[in-house]
Amino acid sequence: MTWLVFLLEFLAVCTTAAGVTLLINFLGQRSEKIRLKLDHAQELNKKRLDKALKALNTQAVWEKDHEDLVARFEYQSGHFRVRLEKNSVYTRLFYFYFFDTPVSYLEPVRSLCNQCNLNAESCRIVYTVNEKTGKVDLHIVDTLTLHDDDAIHNLRKELSSIFYWQALFVQQYSELKPSTRHISNHDTEKQGAEWQHEFFLIREQEMMHQSEGPNWHEQEGSEFNLNNLLSVALGLSSVQPVSLDICRGDKVEHHDNADEILSYPIHQAIIKDEKVTTPSAMLRLSFTHPAESSIRQQLIIDVEDEGQSTETIYYRVTLCLIPTLLTQDLLVESNDHQKTTTSLLLGYDRKGKKNVQEKYNYIWKETMAKQQQGSTDQLSSDDKLFLFLQSPELRQLFIESKDLINEKRYYEAIRRLEPVYQELAKASGDMAPQELNYYFEVSYLLGSCYTFLGRYKEGIFYLQPLIRTRRINYTEMYINCLVNLHDGNAMRFINRLLGDIVPPMVNEDADDEEDYPDEQQSEKSFINFLKRRKAYLLVEMKEYDDAEKLLKKMLDEPDSSDFALQELAFIQKNKGK
């Protein structure tokens with residue numbers, strides 16, 4: 001009996017050990033299968049989604065976002081986005097900006113979002129507040145799984161669900177809105193959003209109307225330094241700093257190195273690590289000018305915190321140039337004895353640099369991929385210049401400058417283009433003819449920025465050497481500089497061009513001769529431009545008879561008829577006087 005019990009216990013132990021071993025092996029195999037399944041989930045979901053969208057008579061446009069795959073597609077006039085994350089079996093579906101409303105109606109929006117989300121199966125309605133527009137934007141997010149046998153059914157079902165909740169939300173909002181129109185605002189979130197929007201508009205409006213520049217935003221790595229400020233705000237260039245004292249409360253920071261003083265970032269007086277460290281600071285600059293090296297001048301700079309929005313810290317800089325003491329050589333009428341003051345509102349952007357860096361990385365990868373694939377014919381002139389630049393720093397400055405020019409932030413674009421220009425200018429003597437085009441293009445961009453800012457002398461400096469290229473856009477910008485500067489050479493230069501337009505000048509966007517559009521049309525448009533500028537000069541010189549003869553001939557030209565009518569009306573008005 002004892003042996004029988006022992007035998008049964010032994011068999012039980014063996015069976016248990018074997019079972020544990022089998023269980024461990026089974027779990028290990030299952031874990032491996034799950035890992036393999038997760039590794040291929042993104043690829044499988046992409047194939048299933050493409051197949052399902054094809055069945056719905058649409059297709060997705062895919063792009064890579066780090067390790068995720070992102071797609072955009074349209075369905076029944078709706079614009080959708082899909083994100084497939086790496087090592088995830090789920091598909092995330094987004095329906096952005098399906099509705100918007102003023103931020104003053106944030107309370108009913110939040111209430112409706114909560115009600116819809118409590119009743120929806122998988123869809124979730126979320127809102128975001130746009131402080132710049134003063135709007136509340138509504139979005140729908142969803143999560144679903146796609147399998148080979150039900151991908152089409154699941155996708156159609158979720159899309160229908162999204163449209164249902166969109167229609168229901170809009171309907172309920174329309175019914176609820178009238179009853180909340182006159183409710184007083186006790187919502188702290190709404191109050192904060194409205195204040196941020198008003199604050200942003202007030203500050204940006206003031207910066208927009210500053211006479212010294214069209215926009216005064218800066219970011220980390222491209223800050224306003226003292227040299228920039230003196231040049232643009234007070235017209236002081238080539239100054240020789242002697243000392244700079246920065247006072248913050250009872251603490252004084254002293255600088256006496258000239259280069260260090262000129263490159264001192266103004267925002268550092270009160271801002272450090274993207275935070276305001278002190279509400280105000282006072283800077284005292286002692287300097288001399290090369291024209292009067294024996295006279296030491298003093299400049300007081302007051303820097304004050306002006307609040308901040310979500311992305312920008314605003315601060316005011318007030319500059320006061322102290323009049324120089326009168327001497328036997330310095331008369332009362334001297335410019336050095338006049339009172340000179342100005343005040344500027346500046347904005348330090350805290351988050352913009354990250355977006356610029358991401359854009360730079362994207363453009364760099366795209367242009368390199370085209371070059372490696374031999375698809376250089378697909379590269380734009382900007383892409384070719386981007387690749388030609390020798391350092392990542394110069395490439396990034398160029399990318400930033402193009403964006404700023406598109407936003408008409410010319411002063412900020414100039415500060416990024418000048419280092420690029422200087423590097424290309426140094427190497428221009430050894431450049432091949434095709435490479436010189438890159439140097440000319442940067443020079444043209446700089447000249448254009450100065451022209452748009454009304455600083456025509458600087459514009460002419462960069463544009464005049466480009467005349468020999470015979471490119472139309474370069475020549476037009478140079479002529480605009482001459483005319484706006486009221487330069488006596490403008491009329492002679494225009495008459496010479498009108499008398500000699502052969503050989504045809506190059507269209508502004510053409511890179512190679514076979515890419516030129518109809519050269520006769522380009523030449524005709526350029527001639528019309530020259531005539532408009534000539535007519536403008538004749539009117540400015542009050543040579544009305546000659547101007548009328550030219551303008552009447554231009555009435556039949558579609559490009560110039562409106563201009564001719566306006567100038568003829570102006571002439572008649574002034575003749576009457």
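The structure holds 13 salt bridges, a salt bridge being a side-chain nitrogen of Lys or Arg within 4 Å of a carboxyl oxygen of Asp or Glu. This is a predicted model, in which local features need pLDDT of at least 70 and side-chain atom pairs count only at pLDDT 80 or more, while totals for chains, interfaces and linings use all residues. Residues are numbered from 1 along each chain as its sequence is written, and side-chain values use heavy atoms, with hydrogens and water left out.

**The whole chain**

Display the chain as a cartoon. Its secondary structure comes to 17 helices and 15 strands; helices (H or I, at least four residues) and strands (E, at least two) are DSSP runs, numbered from the N terminus. Of the 577 residues of the chain, 41% count as buried. Buried denotes under 20% relative accessible area, exposed over 50%, and partly exposed in between (1.4 Å probe, protein chains only). Among contacts with a separation of 6 or more, 58% are accounted for by residues 24 or more positions apart; a contact requires heavy atoms within 4.5 Å.

**Stop 1: the six-stranded sheet**

Select strands 1 to 6. They form an open sheet with the order 1-2-3-4-6-5 and antiparallel pairing; two strands pair if DSSP finds at least two bridges between them. The edge strands, each pairing on one side only, are strand 1 and strand 5 (124-130). Neighbouring strands of this sheet are turned by 25° against each other on average, direction ignored. Axes here are lines fitted to C-alpha atoms, for helices over the stretch in contact, and angles run from 0 to 180 degrees between N-to-C directions.

Next, add helix 2 (residues 106-119), which packs on the sheet and touches strand 4, strand 5 and strand 6 (135-145). The direction of helix 2 makes about 160° with that of strand 5.

Within the sheet, centre on strand 3 and strand 4, an antiparallel pair joined by three bridges. Here R83 stands opposite R92 in strand 4.

Now show the side chains of E67 and K86. These two residues form a salt bridge, with the closest N and O atoms 4.0 Å apart. The pair links distant parts of the chain, 19 residues apart: E67 is in the loop between strand 1 (61-65) and strand 2 (68-75), and K86 is in the loop between strand 3 (78-84) and strand 4 (90-102). K86 is partly exposed, its relative accessible area being 45%.

**Stop 2: Q166 in helix 3**

Move to Q166, placed in helix 3 (residues 151-180). Is Q166 buried or exposed? Q166 counts as buried because its relative accessibility is 18%. Leaving aside residues up to four places away in sequence, Q166 touches Y95, F98 and I140.

**Stop 3: strands 8, 12 and 13**

Select strand 8 (residues 240-248) and strand 12 (residues 280-289), which run antiparallel and are joined by seven bridges. P241 has F287 in strand 12 as its bridge partner. Then add strand 13, which pairs with strand 12 in the antiparallel sense over ten bridges. Across that pairing, M282 stands opposite D302 in strand 13.

Two salt bridges may be displayed next. E253 forms one with R248, the closest N and O atoms being 2.9 Å apart. E253 is partly exposed at a relative accessible area of 27%, and R248 also counts as partly exposed, at 23% relative accessibility. The other joins R316 to E306, with the closest N and O atoms 3.1 Å apart. This pair links distant parts of the chain, with R316 in strand 14 (residues 312-322) and E306 in strand 13 (residues 292-308), ten residues apart. Finally, select D65, D68 and R83, which are joined into one network by salt bridges that share partners.

**Stop 4: helices 9 and 10**

Select helix 9 and helix 10, whose axes come within 8 Å and cross at roughly 150°. The contact is made by residues including L394, L397 and F398 of helix 9 and Y410, A413 and R416 of helix 10. The residues of this contact divide into ten nonpolar, one polar and four charged. In this grouping Ala, Val, Leu, Ile, Met, Phe, Trp, Tyr, Cys and Pro count as nonpolar, Asp, Glu, Lys and Arg as charged, and the others, Gly among them, as polar.

End at R409, in the loop between helix 9 (392-406) and helix 10 (410-427). R409 counts as buried because its relative accessibility is 13%. The C-alpha atoms of R409 and L453 are separated by 9.5 Å, the two residues being 44 residues apart along the chain.
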